[in-house]
Amino acid sequence: MTGGIAPARAREAALLGAGAVVLTLGAGALLLLAGGYDPVAAGAAMLRGSVGSWNTFVSITLVRSVPLLFAGLAVALAFRAGVWNIGAEGQLYAGAVAGVWVALTFSGLPRPILIPAVLGVSCVAGAAWALVPTLMRLRLGIGEVITTILMNFVGIYMAAWMVHGPLQEERGVFPQTDRIVEAARLPTLIPGTRLHIGFALGLVIAVALAFMMRRTRFGFHIRAVGAAPEAAAVAGRIDPARIVFIAFLASGSIAGLAGAVEVSGLTYALYENLSEGWGYTAIAVALLAGLRPGGVVITAIFFGALRAGAGAMQRDAGIPAAWVDVVEALVILAVLGLERVRAARPGSDVREGET
Amino acid sequence: MPVTSTFRVWSSWRARTKAASVSEPLVRLRGVQRRFGQVHALTGADLDLFAGEVHGVLGANGAGKSTLFNVLGGLLAPDGGTIHVDGVPVSLASPRDAWALRIGLVHQHFTLVPALSVRENLALGTRGRSLDEIGQAVEATMDRTGLRVPLDATVASIGVGDRQRTEILKTLLRDPTVLVLDEPTAVLTPEEVSGLFQLLRDLAGEGRAVALVAHKLDEVLAVSDRLTVLREGRTVLAAHRNDVSARGLVVAMVGDGIADEMALGVHVDAPTGAGAGAAAASRPEVETDPEARQVVAQLSGVCGERLENVTLDVRAGEVLGVAGVEGNGQHELALVLSGRRPPAMGRAEVPDEVAYIPQDRRTEGLVSEFDLTENIALGLARLDRFGSGWLMPWDAMGEEAERIRTRFQVAAPSTATLASALSGGNQQRVIIGRELALGAPMLVAENPTRGLDVAAAAYVHGELERLAAEGVAIVLISTDLDEVLGLAERVVVMSRGHVIDVPADERTRAGVGALMLSGGGEVA
Amino acid sequence: MSQIELVLFLESAVRLGIPLALAAMGETITERSGVINIGLEGSIIAGALGGALGALAFDGAGLGVMVGALAGLTVALVFAVFAIGLGADQIITGTAVTIGGLGMTGAVYQARFGATGTELSLPTLAPLAIPGLSDIPIVGSALFAQAPTAYVAYVMAPVAWYVLFRTPWGLELRATGEAPTAAEAAGVRVRTVRFAATLFGGAMAGIAGAHLALAHAGTFAENMSAGKGFIAIAVVVLGRWNPILVLFAALFFGAASALQFFLQALGFDLAYQIFLAFPYVLTLAALAGWVGKSRAPAALALPWEPHR
């Protein structure tokens, strides 16, 4: 599938993103009006609930942005390589299950070993979850869009089975695991808040990915294969299958990390519906960032704020939290629409004359 | 319109056109303009088509012939100018509009659906008729024109000659009064071309207006009543065939200065081919005895997709020309020779690094959303001399890109210009510059001048000559027979995946054409 | 397996297969035009809510189905405007439409019935037994004593096949999906054909959703489409873009889903969640094992614009 999404250059990406946010807020306000709500009250509640105070911002908005940051980076990496990984949701669950299993099984290990083990195994699990669609694409030629989506459902039910069955808490009453030991929990990043070092880890990965894309041979190969696989193979003598394989699995492992970081940084136990669709929101996060890792940091926080604000909106203004999903869809559509308008701008069409 | 009335309509047409005033053209285009990005393809094209005539449209590559025909066929909207049909001003916003005015375009690039059968392709877009009716009409038209195609085969499974016939039949089925053919002869053998021309004369005899672009001046002169010459998007000459000389036409096509350097009437579309041929004779030889030169690449018994038992040597300093009708395995041969694809069977000994100028610049040569530096890096960063670390040698790549931009005179403001912002000729310069920088002992070039203007084509030919003189083995794969004959010292023909050597005394259009037809089986 | 159990199994296999068949049939037409609508899930859930609200408003399940079809079509229209009108990437657009469709229906539902979701009781689509056919032993009642929407699927399969392969309209549709530029050159209005095919697919998905709400559940629940849109897209692949094979593929998946209840009834001690995952795993396995030879329309998922 050739993508219509070209990773924009930095300045254009920023403009595009800002434009999309403005469009979305406008469209969202209109929809709220149409639904009989007061958009101003909704906006106020949203701001209060997301950036109303330092503590709100750090403990709610930033904390909620952590899984979006990881999953968004995973999606951005895959899309850059021309891999339509819609499967971050399933990979995230695989990572969460694997991570919590390590934390529960090897609870006696000291923290400097246990935490890396939890995170490392979750990476492997996320990659393993991505392996099925990867092989189906590379060996059988079956597009990854459908297969990754199907794997999402399998992942969600697998996690549900785990918390009802093999990993259910000791008393066997609630659909969740036991709480993981202290040594498996991520330390707090900013004392006095709930923000854990998972956020910092996400930032490190973002910087590393940005560096990789810009400075390393491998990152260059990813960009070439994603932009033009034939040219990469013919002119660059790059093996696109190899790049797709590595990028797909790397994307899966970062998504897997999202699940483990959430469990060992925040919830300390695996619940049946751990994710509120982060794997799908991640697509909006990545697109709004122009598929640039640095941008993902900003857009993940933006969506974290939206999610945080949605709770307040429901509480204070009586607006169903499901509106946030609508806003996410609007963001994606706005990015797509603006992208197309940009492409159709007079003068940007530099097609060769057919003579 | 019911099929059964096809012939009635034709006859009524003849009656009408005979009655019509001779001075009133069926189609009149005036001052047509069309721009693609910064490229001005048409700057003021005029064209008159009269009922009953075959009208040849001439021009060098890039003169705007196809653009003009696509405007007439409703595929491209003009930026300016007027179109009159039967004296009435019209706007052709889509192929449907053109069809409504009974203007039928036979495209240069096939517009058939590969997965559908020939019959289905012929039926496509003829709504209002049942498939049975279409079947009858197809039979009738095949009988009348002598164009026969296998109706139940899928288009994907038939050869290019059959595709061309299908394309022409598809257009004729709709009974156009104005028939416009864009390069219909490019994929036909010389014998097939003369059959087609007879058909065109017959169609014109029925009172239709027939216009065609063809590659060769002599071909066009043989079939046309009147001629229009385009140069740089503008009509520079419109005359009856008897009122102009071949020499005069060439001057009109390419301008005075270049015409003097050309071998007259031999090769008008890429005039540098002949000029380059002359240069080839005078250039210093690396090694006078070709047999003594070192073998750079060797294929023996190579089989694979569209390749049948190919055995071939390529020697240092020679230009090996590979002629053939498109789609006979040339692209696959290029991939194997350039080391981009291992052969399914047989042995291929090729140098580690082979420079390759692919036919499709925009999908195989360049990444359009990369800038110049990145596109240069795509080819060069893997070379040992830029280190083998895991970091990209961006500084060195920037320098290489700047060097190539200057040396190969790429019209781009800087190395940060995106490849998509370059014209075709400049894209080709980037590719050539990059591939030459590889320092490879062999270069494989596939239709390297297709779609380039005269100056750019001359430049490419010059570079190939220069390289060969430096001892690089050149494999020139081209569907342009004159380009091959003009540049190559040794010529082979590809036909149905077979490679056939052309003996020295048969290195003529007729000789090679015959091999293209007979070679490894029937081509078309 | 007793005869009663077999009959019950077949009956539930068909019942579960019908919504997939309806949605996949529409998607087959959509994909044949060169458009892959991943937003099908959004159309299904909108069809379910539309069907529920319509049935309540008009106090009749039949009109509910109409409203459901309209709702599915509306969601597909949003997809079409972006993916076909603007030429945006179809996969991303479809994902957005799914997210938006699920969110929008959730929001509307909560606004109308409260966040907790009062138990909603709807007029249902009563099974309609076809005289004669429904009396055939074993398969009769399974196939021919279903909700009326089932018969839409049965009838649609041969009709869609005929239109697709035996009419000029179908020829234009297939040409559009294989080679849009060639189709355009032959005078086909490519975007119009793609719009029509996509809206048709949306309407069919809407009917599928209405069927879920009105014939299955008798109520609406958030996310009740539960990934059926995605399975339907896989069913199209398994049915090799052929409406008749698609019907059988959908019924096959209905059977796979019915198996879970059936095996549970037989006392197999497997966790409920594993049964829930079963159809998805089976779909993956079927894709891997069966797709090999089939070929998608060549221009599928490729944005197309007239190069004017």
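This passage describes chain A, the contacts that chain C makes with chains A and B, and selected features of chain B. The model is predicted.

Chain A is helical in its assigned elements. It has 13 helices and zero strands. Along the sequence, the pattern therefore reads α-α-α-α-α-α-α-α-α-α-α-α-α, given that helices and strands are DSSP runs. The C-alpha trace of chain A spans about 75 × 50 × 35 Å along its principal axes. The radius of gyration of chain A is 21 Å. A compact globule of 355 residues would have a value near 20 Å, so the two agree. Of the 355 residues in chain A, 59% count as buried. Contacts in this chain were also sorted by distance along the sequence. Among those with a separation of 6 or more, 77% join residues 24 or more positions apart.

Chain A meets chain C through 42 residues of chain A and 41 residues of chain C. On the chain C side, three helices each give two or more residues: H4 (90-113), H10 (228-238) and H12 (272-290). H4(C) provides the largest share, with 15 residues. By class, the side of chain C that touches chain A has 30 nonpolar residues, ten polar residues and one charged residue.

Chain C also touches chain B. Here, 18 residues of chain B are in contact with 17 residues of chain C. Helix H3 (95-100) and helix H4 (118-123) of chain B each supply at least two residues to the chain B side. H3(B) gives the most, with three residues. The side of chain B that touches chain C comprises twelve nonpolar, three polar and three charged residues.

Confidence was examined along chain B. The mean pLDDT of this chain is 82, and 85% of its residues reach 70 or more. Among the elements of chain B, strand S17 (residues 473-477) has the highest mean pLDDT, at 96. Helix H11 (residues 272-282) of chain B has the lowest, at 38. Two stretches of chain B call for caution. Over residues 259-286 of chain B, pLDDT stays under 50. The model nevertheless has 62 contacts for this stretch beyond four places in sequence. Residues 519-524 of chain B also have pLDDT below 50. That stretch has 27 contacts in the model beyond near neighbours in sequence. Where pLDDT is low, predicted coordinates should not be read in detail.

Two residues of chain B were examined individually. B:Ile168 lies in helix H6 (residues 160-173) of chain B. B:Ile168 is buried, because 23 other C-beta atoms lie within 10 Å and the cut-off for burial is 20 or more. Leaving aside residues up to four places away in sequence, B:Ile168 touches B:Val106, B:Leu147 and B:Pro184. B:Ile168 and B:Leu105 are 63 residues apart in sequence. Their C-alpha atoms are 8.7 Å apart in space.

B:Glu369 sits in the loop between helix H13 (361-365) and helix H14 (372-380) of chain B. B:Glu369 has 18 C-beta neighbours inside 10 Å, so this residue counts as partly exposed. The C-alpha atoms of B:Glu369 and B:Gly56 are separated by 39 Å. Along the chain, B:Glu369 and B:Gly56 are 313 residues apart.

How values were computed
Residues are numbered from 1 along each chain as its sequence is written. Chains are lettered from A and ligands numbered from 1 in the order in which they are written. This is a predicted model: local features need pLDDT of at least 70, side-chain atom pairs count only at pLDDT 80 or more; totals for chains, interfaces and linings use all residues. pLDDT is the predictor's confidence in each residue, from 0 to 100. Helices (H or I, at least four residues) and strands (E, at least two) are DSSP runs, numbered from the N terminus. Two residues are in contact if their C-beta atoms, placed from the backbone, lie within 7 Å. Ala, Val, Leu, Ile, Met, Phe, Trp, Tyr, Cys and Pro count as nonpolar, Asp, Glu, Lys and Arg as charged, and the others, Gly among them, as polar. A residue is buried if 20 or more other C-beta atoms lie within 10 Å of its own, exposed if 12 or fewer, and partly exposed in between; C-beta atoms are placed from the backbone. The radius of gyration is taken over C-alpha atoms; the globule rule is 2.2 Å times the number of residues to the power 0.38.
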